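User: Could you take a close look at the inside of this protein for me? I would like to know which residues meet there and which parts of the chain they come from.

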Amino acid sequence: MSGVIVYRSSTGSTKEYADWIAQETGYAAHDSKDATIPWEGVDTIVVGCPVIALKPALGGWIKKNWDRMKDKRVVLFTTSGADPADEPVQEWIEKALPESIRPEIHIFALPGRFDYTRLRGMGKAMIWFAGNVLGTRTSRTRSGTRSTASPRRS
């Protein structure tokens, strides 16, 4: 059996999983942006990516390349900060893939890790924004005095 691993990684955990799978299977690991992915002569394609904004980062890539993959065994693993056993994680993944593709892919949600130092500009901005919106913050009022806003409690 021969195969290839294609991944996209934001903070390194997906790449780490891809490297571990490569060590165990002997499959070559390629970044999804690599133009030299060997499609021919493989019967298994392992795709790995983080879940970003409630969908797999390579969902569109899978759709775009499905004609190359459809006659092969395809495994998708995702990483995220959410608990992979939670139902919403499975729903996010499934909603991102068309009904015609979903049954043909073996899907595994795996735990990721968060390393702020490895994020790029937009990722850092999103985390900063979420921290300021959800966390305690101090802001100026119209009168120029400072007030502290606390997170909402349910």
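Analyst: Here is a walk through the interior, with a short look at the surface at the end.

A word on the basis: this is a predicted model, in which local features need pLDDT of at least 70 and side-chain atom pairs count only at pLDDT 80 or more, while totals for chains, interfaces and linings use all residues. Residues are numbered from 1 along each chain as its sequence is written, and side-chain values use heavy atoms, with hydrogens and water left out.

Let's begin with the layout. The protein has four helices and eight strands, where helices (H or I, at least four residues) and strands (E, at least two) are DSSP runs numbered from the N terminus. Read from that end, their order is β-α-β-β-β-α-β-α-β-α-β-β. Of the 154 residues, 34% are buried; buried means under 20% relative accessible area, exposed over 50% and partly exposed in between, with a 1.4 Å probe and protein chains only. Contacts, meaning heavy atoms within 4.5 Å, often join distant stretches of chain: among those with a separation of 6 or more, 64% are between residues 24 or more positions apart.

Now to the interior itself. A nonpolar core is a set of buried Ala, Val, Leu, Ile, Met, Phe, Trp, Tyr and Cys residues joined through side-chain atoms within 4.5 Å. The largest one here has 22 residues, and those with the most contacts inside it are Val 47, Trp 61, Ile 62, Met 69, Leu 76 and Ile 105. At least two of its residues come from each of β1 (3-7), β3, α2, β5, α3 (87-96) and β6 (105-111).

Val 47 is a good place to stop. This residue sits in strand β3 and counts as buried because its relative accessibility is 0%. Leaving out residues up to four places away in sequence, Val 47 touches Val 6, Leu 58, Trp 61, Ile 62, Met 69, Val 75, Leu 76 and Phe 77. With Val 75, which is 28 residues away along the chain, the C-alpha separation is 6.1 Å.

Trp 61 makes its own set of contacts: beyond neighbours within four places, they are Val 6, Ser 32, Ile 37, Trp 39, Val 47 and Met 69. There is also a second, separate core of nine residues, including Tyr 7, Tyr 17, Ala 22 and Phe 77.

Aromatic rings add another layer, with three pairs in the structure. Rings of Phe, Tyr and Trp (its six-membered ring) pair if their centres lie within 6.5 Å; planes under 30 degrees apart count as stacked, over 60 as edge-to-face and the rest as tilted. Tyr 17 and Phe 77 pair edge-to-face, at 6.0 Å centre to centre and 65° between the planes. Tyr 17 belongs to helix α1 (residues 13-25) and Phe 77 to strand β5, so this pair ties together parts 60 residues apart in sequence. Tyr 17 and Phe 77 are both buried. Trp 39 and Trp 61 are stacked, at 5.7 Å centre to centre with 25° between the planes. Here a loop between β2 (28-31) and β3 (44-52), which holds Trp 39, is tied to helix α2 (residues 59-69), which holds Trp 61, so the pair links parts 22 residues apart. Trp 39 and Trp 61 are buried as well. Finally, Trp 20 joins Tyr 17 and Phe 77 in one aromatic cluster.

Strand β5 (residues 73-80) also contains Ser 80, which counts as buried because its relative accessibility is 11%. Beyond neighbours within four places, Ser 80 contacts Val 51, Leu 110, Pro 111 and Gly 112.

For contrast, helix α1 also carries a salt bridge, meaning a side-chain nitrogen of Lys or Arg within 4 Å of a carboxyl oxygen of Asp or Glu. Lys 15 and Asp 19 form it, with the closest N and O atoms 2.9 Å apart. Being four residues apart in helix α1, they are separated by about one helical turn. Lys 15 is partly exposed, at 34% relative accessible area, and Asp 19 is partly exposed too, at 29%.
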